[in-house]
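Student: I'd like a close look at one part of this model, the place where two helices pack together. Could you walk me through that contact and what sits around it?

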Amino acid sequence: MPRTAVIAGGGALAVWEPAFTLGAYNVIFYYQMLTLWAVSTAVLLAGFAMRERGPRHGWLYWSCLALPSAWIVLAAVVPRHSGNWQGEALYLIGGIISVIGTPLLTWVLLQLLLFGESELSVHQRRTVIGAVALVGVLAFLLGEFNDVFLTCGDFDISGNSVPSGCRPGHASPLG
């Protein structure tokens with residue numbers, strides 16, 4: 001159980017902020033996507049360099065690690081603001097795939113980084129992915145309804161832009 005909890009905790013750390021900003025600002029900040037890209041690309045490159053120690057699970061691992069890079073390539077190739085609905089749709093689909101893939105990507109990364117090639121049971125994998133996905137949904141809802149527990153001053157003092165619809169007021173003691 002501790003291994004599953006550690007992986008779920010690491011996954012929650014990876015997914016909460018992008019989900020929260022999506023809820024609060026209706027966008028995922030570029031640095032959050034690039035952080036996922038940097039970690040996954042480093043693990044992917046190290047895995048290719050050390051083939052003899054690579055994961056035995058094949059294409060699923062490698063494709064999860066490649067998701068953020070695929071999104072960046074898609075974003076660079078498809079003009080986002082061309083007024084072309086196909087370009088907008090492809091760009092959005094790429095971002096959604098990367099965000100939805102975050103719990104699985106996190107599981108792959110933590111499995112490789114913390115536990116090497118040790119395996120989790122199917123139940124443990126589902127538990128981890130479910131817990132991380134649930135935290136992502138909850139973080140999105142917290143961002144969406146930030147006005148219930150945060151003020152505009154909380155965003156201001158943290159150096160973030162103030163989202164539309166935030167509750168006016170000074171920063172709270174927790175902000």
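Tutor: Sure, but let's set the scene before zooming in. Of the 175 residues in the protein chain, 36% are buried, where buried means under 20% relative accessible area, exposed over 50% and partly exposed in between, with a 1.4 Å probe and protein chains only. The chain has seven helices and zero strands, so in sequence order you read α-α-α-α-α-α-α, with helices (H or I, at least four residues) and strands (E, at least two) taken as DSSP runs and numbered from the N terminus.

Bear in mind that this is a predicted model, in which local features need pLDDT of at least 70, side-chain atom pairs count only at pLDDT 80 or more, and totals for chains, interfaces and linings use all residues. Residues are numbered from 1 along each chain as its sequence is written, and side-chain values use heavy atoms, leaving out hydrogens and water.

How far can you trust it? The predictor's confidence in each residue, pLDDT, runs from 0 to 100; its mean over the protein chain is 75, with 69% of residues at 70 or more. Helix α5 (residues 102–115) has the lowest confidence, a mean of 64, while helix α7 (residues 152–157) has the highest, at 88. Where pLDDT is low, don't read the predicted coordinates in detail.

Now for your contact. Helix α1 (residues 2–25) packs on helix α6 (residues 122–144) at about 25 degrees, and their axes are 7 Å apart. That makes α1 roughly parallel to α6; the cut-offs are under 35 degrees for roughly parallel, over 145 for roughly antiparallel, 65 to 115 for roughly perpendicular, and oblique for the rest. Axes here are lines fitted to C-alpha atoms, for helices over the stretch in contact, and angles run from 0 to 180 degrees between N-to-C directions. Sorted by class, the contact has 16 nonpolar, seven polar and two charged residues. Nonpolar covers Ala, Val, Leu, Ile, Met, Phe, Trp, Tyr, Cys and Pro, charged covers Asp, Glu, Lys and Arg, and polar takes the others, Gly among them.

One pair links the two sequence regions nicely: V137, in α6, has its C-alpha 7.0 Å from that of A19, although 118 residues separate them along the chain. V137 counts as partly exposed, at 48% relative accessibility.

A19 also belongs to the largest nonpolar core, eight residues in all, together with F20, A24, Y25, F29, A139, L150 and F155. Helix α1 gives the most to this core, four residues. Such a core is a set of buried Ala, Val, Leu, Ile, Met, Phe, Trp, Tyr and Cys residues joined through side-chain atoms within 4.5 Å.

Follow L150 outward and you reach P168, 18 residues along, with 9.1 Å between the C-alpha atoms. P168 is in the segment after α7 and counts as exposed, at 68% relative accessibility.
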